[in-house]
Amino acid sequence: REELDPIEMKQWLGLITLIDVNPDPPCFRYRLVGTGHVELHGNDPTGKSVIESQYSEDISKFLSILYSTLNNKSPVLSLQTIRYKRIYRAKRSKSA
């Protein structure tokens, strides 16, 4: 932890997701979801279980990664290409 400096990681902080693991019975809960992910998906699952939130497009693949982490007792770096459709909304002009 001493080697991690949040100032040096600033450009990636909005893309970080932390998940708490309760091993018995296995339960995975979002501790923190970066603002980049929240903006991309349009909701914030922080505090919700992974299954409850249905935040991942491929929940079975995502759960298999989480169970692998639990069984191997090691962190995982998961890099994924995300396809999304951006929705643009017209800004309302202020009336005088």
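Select H37 to begin: in this predicted model, H37 is buried, with a relative accessible area of 17%. The burial assignment follows because buried means under 20% relative accessible area. Colour the helices next, and H37 will be found in α1, the helix that spans residues 35–41.

Now display the side chain of H37 together with the backbone of L15. The side chain of H37 reaches the backbone oxygen of L15 at 2.7 Å. Expand the selection to the surroundings of this histidine, leaving aside neighbours within four places in sequence. The residues in contact with H37 are then G14, L15, I16, T17 and Y55. L15 thus appears twice in this view, as the partner at 2.7 Å and as a member of the contact list.

Keep Y55 selected and move to the nonpolar interior. Which residues make up the largest nonpolar core? Select F28, Y30, V33, V50, Y55, F62, L63, L66 and L70, which are 9 residues in all. Y55 therefore links two stops of the tour, because H37 is buried and has Y55 among its contacts, while Y55 also belongs to the core.

Colour the core by element of secondary structure. Two or more residues come from each of β2 (26–33) and α3 (59–72). Of the elements, α3 gives the most to this core, with 4 residues.

Within the core, centre the view on Y30. Residues up to four places away in sequence are not counted here, and Y30 touches T17, L18, I19, P45, T46, G47, K48, S49, V50, S53, Y55 and F62. Among these, V50, Y55 and F62 are also members of the core. T17 is shared as well, being in contact with H37 and touched by Y30.

Follow α3 to the segment after it and select K73, which lies there. Is K73 buried or exposed? K73 is exposed, with a relative accessible area of 73%. Inspect its backbone as well: phi of K73 is near 50 degrees, a positive value in a residue other than glycine. Most residues other than glycine have a negative phi.

Finally, return to the whole chain. The protein has 3 helices and 2 strands, and along the sequence these follow the pattern β-β-α-α-α. Buried residues make up 18% of the 96 residues. Among contacts between residues at least 6 apart in sequence, 18% join residues at least 24 apart. With the surface displayed, the accessible area comes to about 8700 Å², of which 52% belongs to carbon and sulfur atoms.

Technical notes
Residues numbered from 1 in each chain as written. Predicted model: local features only at pLDDT ≥ 70, side-chain atom pairs only at ≥ 80, totals over all residues. Heavy atoms only, no water. Buried < 20%, exposed > 50% of the residue type's maximum accessible area, 1.4 Å probe, protein only. Polar contact = N/O pair within 3.5 Å; in protein donor to acceptor, adjacent residues only side chain to side chain. Contact = heavy atoms within 4.5 Å. Core = buried A, V, L, I, M, F, W, Y, C linked by side-chain atoms within 4.5 Å. Areas by Shrake-Rupley, 256 points an atom, 1.4 Å probe, with all protein chains shown as cover.
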